[in-house]
Amino acid sequence: MEAKTRARVEASAIAREEAEEKSLMEWEIESKAIKEAKAKAKEEADTKVRMEWMVEVLALEEAEEKAKEEFKMKAKEAQARVKEEAERKAMRKLFQDFTVKCFNL
């Protein structure tokens, strides 16, 4: 009888050990799957962030280029106004000189 009990206890201990090993193996597989899923999600998130960043950088570069073009255009307009004003002043001066010469003759 004692041998039967001992055999049952040993069988029970073996079964428990096997169940623990199986449970541990299942946990390792599940843990690995979770780690892989996390890594994939992180990579996808990083890619998405990089893409969003690149879109933002391109938008900023485009805005910068547009601002440069606007500045160049405004600078040209200002140069043209200065040139026109200088020409007007020169013409006014010539007219004044002509008028003075005509009346002094």
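This short talk walks through the overall form, the charges and the salt bridges of one chain.

Before anything else, please keep in mind that what we are looking at is a predicted model. I will start with the fold and then move to the side chains.

The secondary structure is quickly told, since the chain comes to one helix and zero strands. That helix, α1, covers residues 2–104. When we take the C-alpha trace along its principal axes, the chain spans about 155 × 15 × 5 Å. The radius of gyration says something similar in another way: the chain has 45 Å, whereas a compact globule of 105 residues would have a value near 13 Å. For a concrete pair, consider E17 and K48, which are 31 residues apart in sequence and whose C-alpha atoms lie 46 Å apart in space.

How much of such a chain counts as buried? Of the 105 residues, the share is 1%. The accessible surface of the chain comes to about 10,500 Å², and 61% of that area belongs to carbon and sulfur atoms.

Let me turn to charge. The chain carries 24 positive and 26 negative side chains, and if one takes the centre of each set, the two centres lie 9 Å apart. On the surface there is a negative patch, and its members are E17, E18, E20 and E21. Two of these deserve a word on their setting: E17 lies in helix α1, and E21 lies in helix α1 as well. E17 has a relative accessibility of 49% and therefore counts as partly exposed, because the partly exposed class runs from 20% to 50%.

Now to the salt bridges, of which the count comes to four. I will go through three of them, beginning with the ones that involve R88.

Which residues are linked with R88 in a network of salt bridges? They are E84 and E85. In the bridge between R88 and E84, the side chains meet at 3.7 Å, N to O, while in the bridge between R88 and E85 the closest N and O atoms are 2.7 Å apart. Both pairings can be read along the helix: R88 and E84 are four residues apart in helix α1, so about one helical turn separates them, and R88 and E85 are three residues apart in helix α1, so that here, too, the separation is about one helical turn. As for exposure, R88 has 43% relative accessibility and so counts as partly exposed; E84, with a relative accessible area of 43%, is partly exposed; and E85, at 30%, also counts as partly exposed.

The third bridge on my list pairs D97 with K93, and its closest N and O atoms are 3.4 Å apart. These two residues both lie in helix α1, and being four residues apart they are about one turn of the helix from each other. Here again the accessibility values place each partner in the middle class, since D97, at 33% relative accessibility, counts as partly exposed, and K93 is partly exposed with a relative accessible area of 48%.

To put the pieces together, then: we have a predicted model of a chain with one helix and zero strands, in which 1% of the residues count as buried, with a negative surface patch formed by E17, E18, E20 and E21 and a salt-bridge network that links E84, E85 and R88.

Terms used: Residues numbered from 1 in each chain as written. Predicted model: local features only at pLDDT ≥ 70, side-chain atom pairs only at ≥ 80, totals over all residues. Heavy atoms only, no water. Buried < 20%, exposed > 50% of the residue type's maximum accessible area, 1.4 Å probe, protein only. Rg over C-alpha atoms; globule rule 2.2 N^0.38 Å. Areas by Shrake-Rupley, 256 points an atom, 1.4 Å probe, with all protein chains shown as cover. Lys, Arg positive; Asp, Glu negative; His and termini not counted. Charge placed at Lys NZ, Arg CZ, Asp CG, Glu CD. Patch = residues over 30% accessible without salt bridge, like charges linked within 9 Å, V, L, I, M, F, W, Y side chains within 5 Å.
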